[in-house]
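Q: Please pick one part of this protein and take a close look at it with me, step by step. I am in my first year, and I would like to see how that part fits into the rest.

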Amino acid sequence: MNTIDKLPANLSSTDVKLARGQFGWTMYEFARAPSATLIFMFIFAPYFTQTVVGNPIEGVKYWGLANTIGGVAIACLAPFVGAIVDRMGRRIPWMIGAFLVLAIAESLLWFAMPGTNGGLRLGVIIALIAIIAFFVELTTLLHNAMLDSVGPSSQTGRASGRGYAMSNTGSLIAILLILSCVILPAQEIGTFAFLPHSPVFGLDPVYFEHERIVGPFVATWLLLFAIPFVVLTPDNPATGLSPANAVKAGMAQLFNTIRQARKVSNVGRFLVGRMLYNDAIIALQVYSAIYGAGVFGWNSVDILAFAILLAITCAIGSMVAGHLDSRFGSRRIIIVANVAMSICIILMVSSSPGMILFIPMTEPDPLNALPLFSSIPEMFFLATFLVLGAVGSMILVCSRAMLAKISPLKMMTQFFGIYSLSGYATAFLGHALVSSVTGITGSLQFGMLSTLILVAAGLAILFTVKETRAADLEVD
């Protein structure tokens, strides 16, 4: 049941229009989510590193290069694009253009074949991945900046929560579809009667079509489910500025913001604090499956089951966060959720084979006959990380809502551009911290525990932030 289905019969036309706008805005999250999960996490990324490149070590290097190019591009351009869009007014036309480029780039991944099989050259595939990474983040920036247009500040948190919940729901449905209809049949898993005996549409695993189809699949998904977003989401009116004048005005606005930074220092402190605890969340997400495989010996089935459970709990956390944000405010929820995340990190690393809460187990493990997560420490780790995923989603939901509440109204897109920049500026920090501490101590537990440093630093800054909107800056 969606937002529209829940509307009482006595709502005014304004309320109905508002609810439709919020539903349309959340549908972007549903449309975009499979691009992140199927391309950058679960299917195309391992296919690229292990099959297209043929050498996992070299493959990781090239994959990292592609994502670095896309990240650097968005980090450099996001604030400028945001400032320009603010001056032009409308955002939907920009989104439509970005959707089309993104869908074309994703569709071309069908031609990403290994070796000399007639597909695209490796350099072209790397460029496509970089383009996809750039436009996924660009559309996210523009979409986030529209949060202020789909309801009053009192509903910002709830709308943000619904958006993240829709994102996790989209990921979950797309994963289940592609696995049940393509991936598992290609592996000839015959124990499930409800699965097709071979991949749909006659996809041939010999030519890796069951993995290459991910590109066209997510492109079709994006264009299909972006339609409600384009049709229903309210947009700002056009200002009438030509693109050339908008570029000049946007650049002037950005540099004017830098000159008057003291007047928006509250927003600046929030962005720095969010940057730090967001780095911790990114590192925990990336290394969770690595931790499970390295500490508990998880295989691909374990990791897939973990990913599905995590998507569900993250969706629940997102919805809960939206309601709590509306009642208690964004800042308070972010602080409480960061504290809860810190506790989860400590509990999570306290479990390892034969040990729970740092205490060795002396009795036989009653769960060792289970097909998945077959030990008490493993199950404890799983449960703790699922809670961590839920509170991490709450932090993401309320952080986006917080920025929408405290940014100057007429500079919303610019500040969400800086928000995107801050998400990439130190994204390496969590990775570097976990990897270096792991290398020094020889323990992945200590490596994961080091993320507490980032959480504590982000929290310390957040305590200095007020949940009040900054005034629009004066134009020189």
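A: Let's start with Lys-405, which is buried because its relative accessible area is 11%, under the 20% limit for that word. Keep in mind that this is a predicted model.

What does the side chain of Lys-405 meet in a salt bridge? One partner is Glu-467, with N and O 3.3 Å apart. This pair links distant parts of the chain: Lys-405 belongs to helix 13, while Glu-467 sits in the segment after helix 17 (451-462), and 62 residues separate the two along the chain. With a relative accessible area of 32%, Glu-467 is partly exposed, because that value falls between the 20% and 50% limits. Here, then, a buried lysine is paired with a partly exposed glutamate.

Lys-405 also forms a salt bridge with Asp-325, and the closest N and O atoms of that pair are 2.7 Å apart. Again, distant parts of the chain are linked, with Asp-325 in helix 11, Lys-405 in helix 13, and 80 residues from one to the other. Both Asp-325 and Lys-405 are buried. As a general idea to take along, side chains of opposite charge can pair when their charged atoms come close.

Now follow helix 13, which covers residues 376-406, to another charged residue. The structure holds five salt bridges, and one of them joins the side chains of Arg-400 and Glu-29 at 2.6 Å, N to O. Arg-400 lies in helix 13 and Glu-29 in helix 1 (residues 13-42), 371 residues apart, and the pair links distant parts of the chain. Arg-400 counts as buried because its relative accessibility is 1%, and Glu-29 is buried too, at 2%. There is also a third member here: Glu-29, Arg-32 and Arg-400 are linked in a network of salt bridges.

Helix 13 has aromatic residues to look at as well. A pair of aromatic rings is described by the distance of the centres and the angle of the planes. The structure holds 12 aromatic pairs. In the pair made by Phe-217 and Trp-221, the ring centres are 5.8 Å apart and the planes meet at 45°, so this pair is tilted. Phe-381 and Phe-385 form a tilted pair too, with 6.1 Å from centre to centre and 35° between the planes. Both of these phenylalanines lie in helix 13, four residues apart, which is about one turn of the helix. Are they buried or exposed? Phe-381 counts as buried because its relative accessibility is 0%, and Phe-385 counts as buried at 2%.

Going back to Phe-217 and Trp-221, these two are found in helix 8 (residues 214-232), and because they are four residues apart, about one helical turn separates them. Trp-221 has a relative accessibility of 7%, so Trp-221 counts as buried. Phe-217 and Trp-221 also join Phe-30 and Phe-225 in one aromatic cluster.

Next, return to helix 11, the home of Asp-325. Helix 11 spans residues 300-328 and also holds Ser-318. Ser-318 is buried because its relative accessible area is 0%. Where does its side chain reach? At 2.8 Å, the side chain of Ser-318 reaches the backbone oxygen of Cys-314. Leaving out residues up to four places away in sequence, Ser-318 touches Gly-161, Tyr-164, Ala-165, Asn-168, Ser-393 and Val-397.

To finish, step back to the whole chain. The chain has 17 helices and two strands. Of its 476 residues, 51% count as buried. The long-range links around Lys-405 have plenty of company: among contacts between residues at least 6 apart in sequence, 82% join residues at least 24 apart.

For a contrast, look at the surface. Val-339, Ile-343, Leu-347, Leu-357 and Ile-359 make a nonpolar surface patch of about 420 Å². Helix 12 (residues 330-349) gives the most to this patch, with three residues. Leu-347, which is found in helix 12, counts as partly exposed because its relative accessibility is 31%.

Methods: Residues are numbered from 1 along each chain as its sequence is written. This is a predicted model: local features need pLDDT of at least 70, side-chain atom pairs count only at pLDDT 80 or more; totals for chains, interfaces and linings use all residues. Side-chain values use heavy atoms; hydrogens and water are left out. Buried means under 20% relative accessible area, exposed over 50%, partly exposed in between (1.4 Å probe, protein chains only). A polar contact is a pair of N or O atoms within 3.5 Å; within protein, one must be able to donate a hydrogen and the other to accept it, and residues adjacent in sequence count only if both atoms are side-chain atoms. Contact means heavy atoms within 4.5 Å. Patches are made of residues with over 30% relative accessible area and no salt bridge: like charges are joined within 9 Å, nonpolar side chains (Val, Leu, Ile, Met, Phe, Trp, Tyr) within 5 Å. Accessible areas come from the Shrake-Rupley method with a 1.4 Å probe; for residues, only the protein chains shown count as cover. A salt bridge is a side-chain nitrogen of Lys or Arg within 4 Å of a carboxyl oxygen of Asp or Glu. Rings of Phe, Tyr and Trp (its six-membered ring) pair if their centres lie within 6.5 Å; planes under 30 degrees apart count as stacked, over 60 as edge-to-face and the rest as tilted.
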